[in-house]
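Visitor: I have not looked at this one before. Can you walk me through it?
Guide: Fine. Here it is.

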Amino acid sequence: MTSFEWALLVGLSILWGASFLFVAVQVESLSPVTVVTLRVIIAALLLYATLAVIGVRMPRDPLSWRDFMIMGVLNNVFPFTLIAYGQSHIASGLASILNATAPLFTVVVAHFLTADEKMTPARIAGVLTGFAGVVVMIGPTALADIGGELLPELACLVAALGYALSAVFARRFSRRGIPPMAIATGQMTTASLVMLPFWLVLEQPWNLPAPSLQVVASVLALAALSTVVAYVIYYRILATAGSVNLMLVTFLIPITGILLGALVLGERLAMRHFLGMAAIGIGLACIDGRLIRRISRLTIAR
């Protein structure tokens, strides 16, 4: 990836890392279905307003909207609901580790479903090293609870698989020349259409108690920042860097979360944080490949 694409990936990790915090605030008083429904509906409305301002038109052909529906289900409805459900039962550290399996799934899925993102020894080694770094940084003790809440843990794993499948499937949009803003809008629209009936029937929102200002603020931040802005960046990276590189964001999310905690909340960094970050850095370097190629050329030159 280029330096600009790496910068976008870091930005995306910050936005999605913050989403775990926003969801954690909301699931204390809102159900997972309500959290997801509000997230996608508000995001869709914000995206349509943005499209009207910048003058981008939505595709009208049935094929594009069929694919928007598939993306809305694979990349929003299932993962958002499953992660919100998982976070309401298991610790956020364990949820982050399970979420970090997305690149592992993506490497396998991309190998079998694409012609240009095949497994390589460096890519596999990089993904495994990065995943180990996530475990070390969050703390191996987070794995001590694994198996205690089997269904929520499986939910987070299935969500990671959904992200992998959707990242590979979404490659088709760039080949059609659809702008990232339009793709994100179509995806959020179809996700809203799927979630809205379930929300109205299951939750009967008119009977729900009024949320606190903190919850309202987290709902708006989750929709505007961790969804609207994040998915525009998501499709920009996917168009040029590929699905496997895109899913590396799940390795960066714990790093940004811990660094933000240290900078904003004054939390202290332990040695395991630095070791985990180093392992993730090595893993990313292996997958990127440029550092390894330069070392090989220097070795051969000598």
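**Cavity, pocket and helices**

Guide: The largest cavity has a volume of about 230 Å³. Among the 19 residues that line the largest cavity, Ser19, Arg39, Phe80, Ile83 and Tyr163 are the closest to its centre. Keep in mind that this is a predicted model.

Visitor: How many cavities of 30 Å³ or more does the structure hold?
Guide: The structure holds 1 cavity of 30 Å³ or more.

Visitor: Which elements give two or more residues to the lining of the largest cavity?
Guide: They are helix H1 (3-26), H2, H3, H10 and helix H12 (249-264).

Visitor: And what is that lining like by class?
Guide: The lining of the largest cavity has 14 nonpolar, 4 polar and 1 charged residues.

Visitor: Pockets next. What volume does the second largest pocket have?
Guide: The volume of the second largest pocket is about 240 Å³. It is lined by 15 residues, and those closest to its centre are Leu30, Thr34, Leu38, Pro209 and Pro211.

Visitor: Which helices supply at least two residues of the lining there?
Guide: Helix H2 (32-54), helix H9 (180-203) and helix H10 (213-241) each do so for the second largest pocket. H10 gives the largest share of that lining, 3 residues. By class, the lining of this pocket has 10 nonpolar, 4 polar and 1 charged residues.

Visitor: Back to H2. What does it reach from its first C-alpha to its last?
Guide: H2 has 23 residues and reaches 33 Å, close to the 33 Å expected at 1.5 Å a residue. After H2 comes Gly55, with a positive phi near 80 degrees.

Visitor: What about H6, how far apart are its end C-alpha atoms?
Guide: They are 26 Å apart. Helix H6 (residues 121-138) has 18 residues, so at 1.5 Å a residue it should span 26 Å, which agrees.

Visitor: Which residues in H6 are buried?
Guide: Arg123, Gly126, Val127, Gly130, Gly133, Val134, Val135, Met137 and Ile138 are buried. Just after H6, Gly139 has a positive phi of about 115 degrees.

Visitor: One more. Where is Ser64?
Guide: Ser64 is in helix H3 (residues 62-87).

Visitor: Is Ser64 buried or exposed?
Guide: Ser64 counts as buried because its relative accessible area is 2%, and the cut-off for buried is under 20%.

Visitor: What does Ser64 touch?
Guide: Leaving out residues up to four places away in sequence, Ser64 touches Pro59, Phe173, Arg176 and Ile178.

Notes
Residues numbered from 1 in each chain as written. Predicted model: local features only at pLDDT ≥ 70, side-chain atom pairs only at ≥ 80, totals over all residues. Heavy atoms only, no water. Helix = DSSP H or I, 4+ residues; strand = E, 2+ residues; numbered from the N terminus. Expected span 1.5 Å × (residues − 1). Buried < 20%, exposed > 50% of the residue type's maximum accessible area, 1.4 Å probe, protein only. 1 Å grid on protein atoms, 1.4 Å probe; cavity = no way out; pocket = protein on both sides within 12 Å on 5 of 7 lines; lining within 4 Å. Points joined across faces, edges and corners; volume = space filled by probe spheres on them. Nonpolar A, V, L, I, M, F, W, Y, C, P; charged D, E, K, R; others polar. Contact = heavy atoms within 4.5 Å.
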